[in-house]
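Good morning, everyone, and thank you for making time for this. I would like to walk through one structure with you, beginning with its ligand and then turning to some of its side chains. Please have a look at it before I go on.

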Amino acid sequence: MFACEGFATTAPDKPLSPFSFERRDVGEKDVKIDILYCGVCHSDLHQARNEWHNTTYPCLPGHEIVGRVSAVGAGVSKFKVGDLAGVGCMVGSCQHCDTCAKGLEQYCENGFVGTYNGIEPQTGSVTFGGYSQAIVVDEGFTLRIPENLELAAVAPLLCAGITTYSPLRRWNVGPGSKVGVVGLGGLGHMGVKLAHAMGAHVVLFTTSPKKADDAKRLGADEVIVSTDPSQMKAHSTSFDFILDCVAADHDINAYLDLLKLDGTLCQVGAPEKPLSVAAFSVIWRRRSFAGSLIGGIAETQEMLDFCAEHGITSDIEMIRMEDIEKAYERMLKSDVKYRFVIDMATLKDAKQAA
Ligand code: NAP
Ligand code: ZN
């Protein structure tokens with residue numbers, strides 16, 4: 001074991017603060033990554049504050065991790081010391097069930113191991129995430145990071161990128177599709193960029209009219225202010241696919257009603273409270289209400305390579321480690337452009353200042 005520093009919380013109503021802990025030593029198939037940047041996902045906030053009612057404390061969030069490899073186990077073939085590497089939302093899965101065999105580790109029949117708030121099979125302890133100096137991960141759950149993209153702006157691809165890429169691919173979004181993206185936050189802004197790069201006609205739904213210009217710059221062909229019923233009505237029964245990226249309670253029937261025959265609304269946003277689907281919202285026009293969870297490791301690599309090819313990264317606002325609670329409060333007000341990323345070089349100062 002080796003000593004490591006990070007930022008964690010000990011209870012739902014306690015702020016994140018400096019936290020010292022130990023990580024396992026690098027094993028045969030492990031890669032040690034010195035973390036340079038970590039994105040701030042709304043899931044971090046949900047879990048730090050136990051909004052999904054399954055958090056084990058202390059909780060050390062962060063699952064959009066990029067950094068440099070500082071050690072490798074004897075059996076590692078994918079990386080050498082000095083390489084860039086990334087880690088997303090998973091650090092393990094059973095590797096022998098049918099879904100793992102299909103490369104869908106996120107749906108592992110025995111449960112995947114979360115990068116934080118999971119149980120590390122190697123030690124039996126709770127996993128701690130990326131708001132920290134370093135992480136040790138099985139090479140099978142690490143990603144190669146394209147060299148041509150800005151590193152800090154790549155971090156959010158490891159969750160926000162793959163969570164939007166995977167359903168867009170699964171529902172065959174491409175030229176000729178009319179695609180809606182609901183909510184211009186971390187996930188939503190990646191959804192707009194990716195759907196645009198895939199050739200779809202992209203319509204962004206927002207509750208924040210002041211985000212309209214940004215949405216168009218990011219790749220939206222049209223922007224709808226969802227609180228205006230006349231703007232919503234104008235798009236009635238016209239969408240092939242809608243990706244809902246909203247983190248809070250909202251009326252999904254208003255979006256289901258915009259789907260055409262056999263259209264799908266895919267939920268990726270994960271609000272604390274259940275969403276209510278009116279039967280007739282799906283009965284009419286044989287619509288589907290679906291969901292999607294992150295993406296497998298192979299698909300995450302495919303997404304990173306797609307982004308490298310198309311020059312796609314996240315629009316980020318860099319923060320210092322000690323400003324994480326302020327970032328969470330701004331996230332709750334939908335005031336994010338469009339992903340906070342922690343500069344992990346600030347961790348040392350943040351600890352001293354606390
Ligand atoms: P975020 O950056 O906070 O963005 C959420 C956006 O939703 C906001 O910017 C806002 O956009 C919109 N919004 C917020 N409150 C709203 C309300 N009351 N009504 C309507 N719209 C509202 O969050 P994120 O990091 O993108 O995460 C979004 C959700 O996805 C979270 O619940 C997160 O846990 C979940 N998630 C799921 C997966 C998965 O695998 N399925 C993976 C990662 C994250 P506008 O200002 O444009 O309205
Ligand atoms: Zn996330």
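I will take the ligand site, then the aromatic rings, and finally two single residues.

Before anything else, please keep in mind that what you see is a predicted model, and that every value I quote is computed from it.

Let me start with ligand 1, which is surrounded by 30 residues, the closest being Thr206, Thr207, Ser208, Lys211 and Arg339. If we sort that shell by class, we find 14 nonpolar, 13 polar and three charged residues.

Where does ligand 1 lie with respect to domain 1 and domain 2? Domain 1, made up of 2-157 and 314-353, and domain 2, which covers 160-291, each give residues to the shell, and therefore ligand 1 lies between them.

For those of you who think in terms of polar atoms, the backbone offers three contacts that I would like to point out. A polar backbone atom of Gly186 is 2.9 Å from an oxygen atom of ligand 1, and a backbone N or O atom of Leu187 lies 2.8 Å from an oxygen atom of the ligand. At Ser292, a backbone N or O atom lies 2.9 Å from a nitrogen atom of ligand 1. As for how much of the ligand is covered, on its own it has 930 Å² of accessible area, and the protein covers 90% of that. Two elements, α1 (42-48) and α5 (186-197), give two or more residues to the shell, and of the elements it is α1 that gives the most, with three residues.

Now to the aromatic rings, where the count comes to eight aromatic pairs. One of these is formed by Trp171 and Phe241, whose rings are stacked, at 5.5 Å centre to centre and with 25 degrees between the planes. Trp171 lies in the loop between α4 (160-170) and β10 (178-182), whereas Phe241 belongs to strand β13 (residues 239-244), so this pair ties together parts that are 70 residues apart in sequence. The two partners also differ in how they are covered: Trp171 is partly exposed, because its relative accessible area is 25%, while Phe241 counts as buried, because its relative accessibility is 2%.

A second pair, Phe280 with Trp284, is tilted, with 6.4 Å from centre to centre and 40 degrees between the planes. Are these two rings on buried or exposed residues? Phe280 has a relative accessibility of 53% and so counts as exposed, and Trp284, at a relative accessible area of 54%, is exposed as well. Elsewhere, Phe19, Phe21 and Phe128 form one aromatic cluster.

Let me finish with the two single residues. Glu120 is found in the loop between β7 (113-114) and β8 (134-138), and although it is a charged residue, it counts as buried, since its relative accessibility is 15% and the cut-off for buried is under 20%. Its side chain is joined to that of Thr123 by a polar contact of 2.6 Å.

Leu265, for its part, sits in strand β14 (residues 259-267) and counts as buried, because its relative accessibility is 0%. Between the C-alpha atoms of Leu265 and Leu158, which are 107 residues apart along the chain, the separation is 23 Å.

Key. Residues numbered from 1 in each chain as written. Chains lettered and ligands numbered in written order. Predicted model: local features only at pLDDT ≥ 70, side-chain atom pairs only at ≥ 80, totals over all residues. Heavy atoms only, no water. Near = heavy atom within 4 Å. Polar contact = N/O pair within 3.5 Å; in protein donor to acceptor, adjacent residues only side chain to side chain. Areas by Shrake-Rupley, 256 points an atom, 1.4 Å probe, with all protein chains shown as cover. Helix = DSSP H or I, 4+ residues; strand = E, 2+ residues; numbered from the N terminus. Domains from an automatic or database assignment. Phe/Tyr/Trp six-rings, centres within 6.5 Å; stacked < 30°, edge-to-face > 60°. Buried < 20%, exposed > 50% of the residue type's maximum accessible area, 1.4 Å probe, protein only.
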